[in-house]
Amino acid sequence: MTPLMLDLASVVRSIPDYPKPGVMFRDITTLLGNARAFRRTVDELVQPWAGAKIDKVAGIEARGFIVGGAVAHQLSAGFVPIRKKGKLPHQTVRMAYALEYGEDEMEIHVDAVEPGERVILVDDLIATGGTAEGAVKLLRQIGAEVIAACFIVDLPDLGGAEKLRAMGVPVRTLMAFEGH
């Protein structure tokens with residue numbers, strides 16, 4: 001691990017057996033609450049695209065809104081919320097996605113992205129990749145060029161980042177935790 005990973009990883013709280021026995025939950029609220037760590041996180045997520053033409057940053061509900069909004073601000077890009085079904089007020093496009101124990105649906109406004117706009121997808125964590133995969137498909141469906149997907153935490157044993165790379169989406173993560 002690089003010094004950056006060690007520093008930021010030390011600010012993430014690990015909660016055993018949440019939300020069910022055997023799961024180690026990685027809680028980024030402690031990172032968000034630490035001004036220095038939050039700023040460094042946003043700076044590191046933005047760094048590869050500083051000066052590049054990024055039109056929009058899409059954030060996945062809910063922690064992706066927090067991080068994605070800050071990334072969009074730093075890149076002088078617009079922000080696009082990707083929400084659970086029924087939460088957006090205007091005409092939407094919907095996509096079903098796989099959860100660990102079932103399926104859910106997410107939506108994006110049909111006019112959130114102009115065809116060909118360059119978009120970065122942001123969320124707090126990538127695990128199995130079902131949600132992120134659904135978000136990439138939604139963005140592509142409305143014409144976005146998905147430049148990359150960024151996450152604070154990767155759980156590589158669950159394969160989500162590799163799933164996105166197989167879709168042709170570069171993935172940036174700032175730290176990884178082994179196991180589930």
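## Strands, helices and the whole chain

A strand, like a helix, is a run of residues assigned by DSSP; a strand needs at least two residues, and numbering starts from the N terminus. With that in hand, we can place His-109: this residue is found in strand β6, which covers residues 102-109. Please keep in mind that the model you are looking at is predicted.

Now for the wider view. The protein chain has six helices and nine strands. Its C-alpha trace spans about 40 × 40 × 30 Å along the principal axes. How does the radius of gyration of the protein chain agree with that of a compact globule? For 180 residues, such a globule would have a value near 16 Å, and the chain has 16 Å, so the two agree.

## Inside, outside and charge

Of the 180 residues in the chain, 45% count as buried. The accessible surface comes to about 8700 Å², and carbon and sulfur atoms account for 52% of that area. If you look at contacts with a separation of 6 or more, 57% of them are between residues 24 or more positions apart.

The chain also carries 20 positive and 23 negative charges, and the mean positions of these two groups are 2 Å apart.

## A closer look at His-109

Is His-109 buried or exposed? Its relative accessibility is 18%, and because buried means under 20%, this residue counts as buried. Which residues does His-109 touch, leaving aside its neighbours within four places in sequence? The contacts are Leu-88, Pro-89, His-90, Gln-91, Thr-92 and Ile-142.

## Two aromatic pairs

The structure holds two aromatic pairs. One of them joins Tyr-18 and Phe-25 in an edge-to-face arrangement, with 5.2 Å from centre to centre and 85° between the planes. Tyr-18 is partly exposed, at a relative accessible area of 45%, and Phe-25 is also partly exposed, at 24%.

Phe-65 and Phe-79 form another edge-to-face pair, with centres 6.0 Å apart and 85° between the planes. Phe-65 sits in helix α4 (residues 63-75) and Phe-79 in strand β4 (residues 78-84), so this pair ties together parts that are 14 residues apart in sequence. Phe-65 has a relative accessibility of 25% and counts as partly exposed; Phe-79, at 31%, is partly exposed as well.

## Backbone details in the loops

Try finding the loop between β1 (13-16) and β2 (24-27), where Pro-19 is located. Tyr-18, which you met in an aromatic pair, is joined to Pro-19 by a cis peptide bond with omega of about 5°. Asp-17 is found in the loop between β1 and β2 too. This residue is not a glycine, yet its phi is positive, at about 60°. With 49% relative accessibility, Asp-17 counts as partly exposed.

Where else can you find a cis peptide bond? The bond from Glu-61 to Ala-62 is cis, with omega near 0°, and Ala-62 lies in the loop between β3 (56-60) and α4. Further along, Ser-76 lies in the loop between α4 and β4. Ser-76 has a positive phi of about 55° although it is not a glycine. Is Ser-76 buried or exposed? At 69% relative accessibility, Ser-76 counts as exposed, because that label applies over 50%.

Note on methods
Residues are numbered from 1 along each chain as its sequence is written. This is a predicted model: local features need pLDDT of at least 70, side-chain atom pairs count only at pLDDT 80 or more; totals for chains, interfaces and linings use all residues. Side-chain values use heavy atoms; hydrogens and water are left out. Helices (H or I, at least four residues) and strands (E, at least two) are DSSP runs, numbered from the N terminus. The radius of gyration is taken over C-alpha atoms; the globule rule is 2.2 Å times the number of residues to the power 0.38. Buried means under 20% relative accessible area, exposed over 50%, partly exposed in between (1.4 Å probe, protein chains only). Contact means heavy atoms within 4.5 Å. Accessible areas come from the Shrake-Rupley method with a 1.4 Å probe; for residues, only the protein chains shown count as cover. Lys and Arg count as positive and Asp and Glu as negative; His and the chain ends are not counted. The place of a charge is taken as NZ of Lys, CZ of Arg, CG of Asp or CD of Glu. Rings of Phe, Tyr and Trp (its six-membered ring) pair if their centres lie within 6.5 Å; planes under 30 degrees apart count as stacked, over 60 as edge-to-face and the rest as tilted.
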